[in-house]
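Trainee: I would like to learn how to read a model such as this one, feature by feature. Where should we begin?

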Amino acid sequence: MAILTKGQTFANADSVTSTKLNNLVDAAAFVAGASGTTDNTSLEVNGSGRLQVKDLGITSAKIAASAITTSKLPDSTLATDGVTYAKVQRVANMKVIGNVSGSLGVASEVSILDEDNMASDSATSLATQQSIKAYVDNKLARGTALDTTSGTSFDFTSIPSNVKRITFMLDGVSTNGTSPIIIQLGDSGGIEITDYYGSASEIKATPNSTSFTTGFGLVESPAAGDFYYGIVTIANVSGNLWVYSFTGSSIVAAQTYLGGGSKTLSATLDRIRLTTSGGANTFDAGKINILYE
């Protein structure tokens with residue numbers, strides 16, 4: 001199989017001259033095509049008779065390992081150039097490429113977690129936008145406001161087990177009697193009505209203070225027809241131990257009310273009640289609600 005076309009052809013008995021030798025060499029050319037000089041797959045003979053790499057002729061088998069360096073890759077200047085997404089290794093669902101080793105290292109898959117409660121508590125995973133929003137929204141949740149216009153008690157139930165602080169709000173609450181207004185805590189076993197420690201006071205010319213054992217005292221000696229406003233903060237110390245503080249006021253008597261104390265429940269808190277001591281009086285005005293976090 002010829003790989004060159006000769007620049008000079010000799011016949012029998014031809015004499016060899018310098019001219020013919022020069023023609024033989026100088027006018028020689030590569031034979032094009034798969035049966036000629038090249039395989040016509042990787043290399044080809046161009047129109048000038050020169051060897052050149054054929055378009056799309058280099059396969060991965062022809063490239064040495066580690067032969068391609070970053071300096072040989074063009075910088076990306078547009079959204080359509082550079083290394084395309086299709087050329088990057090396939091990534092598993094809910095994964096991104098990154099390095100969470102804490103130091104310089106090889107990139108690897110990093111998990112994206114969709115957990116509304118962030119239960120995994122991972123130091124190396126990412127969170128979805130939806131789970132972040134849900135977590136933040138649930139950190140401070142609001143109950144459904146209740147009108148205290150009738151009845152002897154009002155309960156907020158199904159309080160999540162991970163709650164550590166409750167804010168109880170009173171707006172214009174009134175009763176038909178003088179029994180102290182109190183808050184009681186409860187768990188899966190129901191509302192607990194004993195073993196509270198604390199007191200509540202009325203700040204006036206002659207202050208009154210009363211100790212409470214059946215609930216957290218708010219208004220020590222309310223007057224029928226007066227309206228009470230305030231905020232109760234109930235916070236978890238540890239385990240099932242809770243403490244409270246109250247600051248409030250009244251409209252008619254124009255007095256300030258303070259309270260504080262503690263209560264250890266028998267189980268995890270999941271409910272809270274507004275009532276009066278012994279449930280003796282009926283509520284006849286106002287609105288209440290809670291925030292919990």
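Mentor: Begin with one residue and its accessibility. D155 has a relative accessibility of 32%, so it counts as partly exposed. Keep in mind that this is a predicted model.

Trainee: Which side chain does D155 meet in a salt bridge?

Mentor: Side chains of opposite charge can pair when their charged atoms come close. Here D155 meets R273, with 2.6 Å from N to O. This pair links distant parts of the chain, since D155 lies in strand β10 and R273 in strand β20, 118 residues apart. R273 is also partly exposed, at 22% relative accessible area.

Trainee: How many salt bridges does the structure hold?

Mentor: Eight. One of them joins E293 and R165 at 3.1 Å, N to O. That pair too connects distant parts of the chain: E293 sits in the segment after β21, R165 in strand β11, and 128 residues separate them. E293 is partly exposed at 31%, and R165 is partly exposed at 39%.

Trainee: What separates K133 and D137 in helix α2?

Mentor: About one helical turn, because the two are four residues apart in α2, which spans residues 129-139. Their side chains form a salt bridge of 2.8 Å, N to O. K133 is exposed, with a relative accessible area of 54%, while D137 is partly exposed at 38%.

Trainee: Now the interior. Which residues touch the most other members of the largest nonpolar core?

Mentor: They are F168, I183, L185, L218, I234 and I272, in a core of 31 residues. The elements that contribute two or more residues to this core include β11 (165-175), β12 (181-187), β17 (228-238) and β20. Take I234 as the example: beyond its neighbours within four places in sequence, I234 is in contact with residues including I183, L185, W242 and I272. R165, from the salt bridge with E293, is also among the contacts of I234.

Trainee: And nonpolar residues on the surface?

Mentor: L43, V53, I58, I63, I68, L73, V83 and V88 form a nonpolar surface patch, with about 700 Å² of accessible area together. V53, in strand β4 (residues 51-53), is partly exposed at 47%.

Trainee: What is the radius of gyration of the chain, and what would a compact globule of 293 residues have?

Mentor: The chain has 44 Å, whereas a compact globule of that length would have a value near 19 Å. The C-alpha atoms fill a box of roughly 145 × 35 × 30 Å along the principal axes. Of the 293 residues, 29% count as buried. The accessible surface comes to about 17,900 Å², with 54% of it belonging to carbon and sulfur atoms.

Trainee: How many helices and strands are in the chain?

Mentor: Two helices and 21 strands. Among contacts between residues at least 6 apart in sequence, 59% join residues at least 24 apart.

Trainee: Last, the loops. Where is A27 placed?

Mentor: A27 lies in the loop between α1 (18-26) and β2 (29-30), and is partly exposed at 44% relative accessible area. Leaving out residues up to four places away in sequence, A27 touches T5, K6, G7 and N22. From A27 to G105 the C-alpha separation is 59 Å, across 78 residues of sequence. A second loop, between β19 (256-264) and β20 (271-276), holds A267. A267 is partly exposed at 24%, and with the same sequence neighbours left out, A267 touches D187 and N240.

Conventions. Residues are numbered from 1 along each chain as its sequence is written. This is a predicted model: local features need pLDDT of at least 70, side-chain atom pairs count only at pLDDT 80 or more; totals for chains, interfaces and linings use all residues. Side-chain values use heavy atoms; hydrogens and water are left out. Patches are made of residues with over 30% relative accessible area and no salt bridge: like charges are joined within 9 Å, nonpolar side chains (Val, Leu, Ile, Met, Phe, Trp, Tyr) within 5 Å. Accessible areas come from the Shrake-Rupley method with a 1.4 Å probe; for residues, only the protein chains shown count as cover. A salt bridge is a side-chain nitrogen of Lys or Arg within 4 Å of a carboxyl oxygen of Asp or Glu. Buried means under 20% relative accessible area, exposed over 50%, partly exposed in between (1.4 Å probe, protein chains only). Contact means heavy atoms within 4.5 Å. The radius of gyration is taken over C-alpha atoms; the globule rule is 2.2 Å times the number of residues to the power 0.38. A nonpolar core is a set of buried Ala, Val, Leu, Ile, Met, Phe, Trp, Tyr and Cys residues joined through side-chain atoms within 4.5 Å.
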